[in-house]
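Please open the model in a viewer and keep the sequence panel visible. The tour proceeds by selections, each followed by a description of what is found there.

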Amino acid sequence: MSIRIALSSDHAAIELRQAIARHLADQGFDVVDIGPTEPESTDYPKHGEAAARLVKSDDCQLGIVLCGTGQGIMMAANKVKGIRCGVCADVFSARMIRQHNDANMLSLGARVVGEGLALEIVDAFMNASFEGGRHSTRVTMIDALES
């Protein structure tokens, strides 16, 4: 069974989101791209929430969201209970949010990283896995904050 990835963005990140969708599909991932296709201004909170809800419902195992900086859409996604989304502009952080924080979503800023780096960040995120151990206690503490 292929891993399903929820993918969304606002208007500022359409081109980068589409490049990521192609990149993931070429690797055999099942991409559920729910982002806009037209360049008219759209609100990132609704796109972050929609992707997060797909991950939360287990329809998708992981999610990737994008906006201009990656910050706003990440904040919106993290408002959905059970979502751990981190914004990354480097490969190391993308790997660490999966290994240490059990992140189930990645956020990228289309005005922060170029396509080449973005694809490397996506690969690092997708290829890493949660290490558990002492990190499990900390993730449980994060989850408890939602109560």
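A residue is called buried when its relative accessible area is under 20%. The model is a predicted one, and the tour begins with a strand to which that cut-off applies.

**First selection: strand E3.** Select residues 62-67, which form strand E3. Six of the six residues of E3 are buried, so the strand is mostly covered under the cut-off of 20%. Display the side chains: Leu-62, Ile-64 and Leu-66 point one way from E3, while Gly-63, Val-65 and Cys-67 point the other way.

**Next selection: the partners of E3.** Add strand E1, residues 4-9, which pairs with E3 in the parallel sense over five bridges. Within this pairing, Gly-63 of E3 is the bridge partner of Ala-6, and Leu-7 stands opposite Ile-64 of E3. Then add strand E5, residues 105-109, which also pairs with E3 in the parallel sense over five bridges. Here Ser-107 of E5 is the bridge partner of Val-65.

**Next selection: the whole sheet.** Extend the selection to five strands, which make an open sheet in the order E2-E1-E3-E5-E4 with parallel pairing. Its edge strands are E2 (30-33) and E4 (85-87), each of which pairs on one side only. On average, neighbouring strands of the sheet are turned by 20° against each other, direction ignored.

**Next selection: helices on the sheet.** Show helix H1, residues 14-26, which lies across E1, E2, E3 and E5 and runs at about 170° to E1. Helix H5 packs on the sheet as well, touching E1, E3 and E5, and its direction makes about 170° with that of E5.

**Next selection: H4 against H5.** Select helix H4 (residues 91-99) together with H5 (residues 115-127); their axes come within 8 Å and cross at roughly 25°. H4 is therefore roughly parallel to H5. The crossing is right-handed. On the H4 side, the contact is made by Val-91, Ala-94, Arg-95, Ile-97 and Arg-98, and on the H5 side by Leu-117, Glu-120, Ile-121, Ala-124, Phe-125 and Met-126. By class, this contact has eight nonpolar, no polar and three charged residues.

**Last selection: Gly-70.** Centre on Gly-70, in the loop between E3 and helix H3 (71-78). Is this glycine buried or exposed? Gly-70 counts as buried because its relative accessibility is 0%. Neighbours within four places in sequence aside, Gly-70 is in contact with Val-87, Ser-107, Leu-108 and Gly-109.

Definitions and conventions: Residues numbered from 1 in each chain as written. Predicted model: local features only at pLDDT ≥ 70, side-chain atom pairs only at ≥ 80, totals over all residues. Heavy atoms only, no water. Helix = DSSP H or I, 4+ residues; strand = E, 2+ residues; numbered from the N terminus. Buried < 20%, exposed > 50% of the residue type's maximum accessible area, 1.4 Å probe, protein only. Contact = heavy atoms within 4.5 Å. Pairing = 2+ DSSP bridges. Axes fitted to C-alpha atoms, helices over the stretch in contact; angles between N-to-C directions. Parallel < 35°, antiparallel > 145°, perpendicular 65-115°, else oblique. Left-handed = near helix turned anticlockwise from the far one by under 90°. Nonpolar A, V, L, I, M, F, W, Y, C, P; charged D, E, K, R; others polar.
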